[in-house]
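Visitor: Could you walk me through how to read a structure like the one I have open? I would like the general idea first, and then the case in front of us.

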Amino acid sequence: MSLPVVDTASCPGEHSQMTSSRLIAALCAASLACAHPASAPSSASPATASGAVGRPAVGRGAPFSYQATGPTRYLLERHDSVLVRLPNGQSQTRTLGRVAHFTVTALAGSPLRVTITLDSMAVDGPVATAGALDSARGTRWTGTLTAAGRLGGLATDRVSAVGEQFRSMLPTIFPVLPAAGARAGAEWVDTSETALRAEAFDVKEHAVTASRALGQVPHAGVQALQIESSATFTRAGGGSQFGQAVEVQATGTRQVTTWLATTGVLAGSQGSEVSDMTVTIPAMGQSLPVRQTATFSVRLLPAGR
């Protein structure tokens, strides 16, 4: 998989600027959630700790929660734009689009036993070759999904750059619900601490997500509970590449609307994300700002498609 590359032709100090550009390119990939696989297959999802904050409103009507379901097919679309401001005052933008078909199967249990299969993925941008896309087709993740929507212990049958791109988007697909289920009119807050690794960088994300259930509406041919979520997050971490230490700090917001069917099946979602990141290379005395914006959606596909 190729990464967004910063043009160095107009920048002074060709060698040092080229090195810093490569570092920035790698961090651009991190902001795009383009995590590279480790040298050996990973057997687990990124470490995440979550917990409820405050007391959820009681709400009204029957509670909604995730339930067992047979194979259910979805279409995911995500479009990212990364703006890098260079030391000479110029800026460059890289865009990346992804369209993925995937299938979710959840077997009865407490928690549910979930299997997620990447049926296909197309990428529009400076990324994977046709061979890389083909190698990711059919990748399967198995793990658990609680009735409240917490994914855990995802293990995969293979690791690829394209597959890791998709896996990194999974936490935004399943919103977290109150432990006793979400009812119309209920409001709740969830916190999460997630360890992420992209390229040679380790980053920890702290997020606070406030959600409210608006009520039942028809969506994708089913009755579903509409849930609005608003998150703020910070990211901090760093690493080294080409013998240079790199530090990263970021803040951002995420807005997501989700529809959860009365049958306990995700009926769809759509959202957007904006984050501002500062990349610091202490040895060079450089701090570069990076802004990432994204839109994404998940659509439930009719059976048989």
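Visitor: Which backbone oxygen does the side chain of Thr139 reach?

Guide: Keep in mind that this is a predicted model. The side chain of Thr139 reaches the backbone oxygen of Ala136, at 2.6 Å. Thr139 itself is in the loop between α2 (130-136) and β6 (140-145).

Visitor: Is Thr139 buried or exposed?

Guide: For burial, look at the relative accessible area: under 20% means buried. Thr139 is buried because its relative accessibility is 1%. Beyond its neighbours within four places in sequence, Thr139 is in contact with Ile116, Thr117, Leu118, Thr156, Asp157 and Arg158.

Visitor: Let's step back to the whole chain. How many helices and strands are there?

Guide: The protein chain has 3 helices and 14 strands. Of its 305 residues, 45% count as buried. Among contacts with a separation of 6 or more, 64% come from residues 24 or more positions apart. The chain exposes about 13,700 Å², and carbon and sulfur atoms supply 54% of that area.

Visitor: And how do I read a helix? What is the general idea, and how many residues of α3 are buried?

Guide: In general, an α-helix has 3.6 residues a turn, so residues three or four places apart point the same way. Here, helix α3 (residues 161-169) is mostly covered, with 8 of its 9 residues buried. Among the buried ones are Glu164 and Arg167, along with Val162, Phe166 and Met169.

Visitor: Which residue caps the N-terminal end of α3?

Guide: That is Ser160, which has a side-chain oxygen 3.0 Å from the backbone nitrogen of Gly163.

Visitor: Now the backbone angles. Which peptide bond is cis?

Guide: The general picture is that most residues other than glycine have a negative phi, and most peptide bonds are trans. In this model, a cis peptide bond joins Ser110 and Pro111, with omega about 5 degrees. You can find Pro111 in the loop between β4 (91-107) and β5 (112-124).

Visitor: What is the phi of Ala220?

Guide: Ala220 is not a glycine, yet its phi is positive, about 55 degrees. Ala220 sits in the loop between β10 (201-219) and β11 (222-241). With a relative accessible area of 45%, Ala220 is partly exposed.

Visitor: What about a residue within a strand? Which strand holds Gln216, and what is Gln216 in contact with?

Guide: Gln216 lies in strand β10. Apart from neighbours within four places in sequence, Gln216 is in contact with Phe64, Gln223, Ala224, Leu225 and Thr262. Its relative accessibility is 47%, so Gln216 counts as partly exposed. The C-alpha atoms of Gln216 and Ile227 are 9.4 Å apart, with the two residues 11 positions apart along the chain.

Visitor: Last topic: internal spaces. How many cavities of 30 Å³ or more are there, and what is the volume of the largest cavity?

Guide: There are 4 cavities of 30 Å³ or more. The largest cavity has a volume of about 90 Å³. It is lined by 13 residues, and the closest to its centre are Thr69, Val104, Phe174, Gly264 and Leu266.

Visitor: Which strand gives the most to that lining?

Guide: β3 gives the most to the lining of the largest cavity, with 3 residues. Both β3 (69-85) and β4 supply at least two residues each. By class, this lining has 9 nonpolar residues, 4 polar residues and no charged residues.

How values were computed. Residues are numbered from 1 along each chain as its sequence is written. This is a predicted model: local features need pLDDT of at least 70, side-chain atom pairs count only at pLDDT 80 or more; totals for chains, interfaces and linings use all residues. Side-chain values use heavy atoms; hydrogens and water are left out. Helices (H or I, at least four residues) and strands (E, at least two) are DSSP runs, numbered from the N terminus. Buried means under 20% relative accessible area, exposed over 50%, partly exposed in between (1.4 Å probe, protein chains only). Contact means heavy atoms within 4.5 Å. Accessible areas come from the Shrake-Rupley method with a 1.4 Å probe; for residues, only the protein chains shown count as cover. On a 1 Å grid over the protein atoms alone, a cavity is a set of points where a 1.4 Å probe fits but cannot get out, and a pocket is an open set with protein on both sides within 12 Å along at least five of seven lines; lining residues have an atom within 4 Å of a point. Grid points are joined across faces, edges and corners, and a volume is the space filled by probe spheres set on the points. Ala, Val, Leu, Ile, Met, Phe, Trp, Tyr, Cys and Pro count as nonpolar, Asp, Glu, Lys and Arg as charged, and the others, Gly among them, as polar. A polar contact is a pair of N or O atoms within 3.5 Å; within protein, one must be able to donate a hydrogen and the other to accept it, and residues adjacent in sequence count only if both atoms are side-chain atoms.
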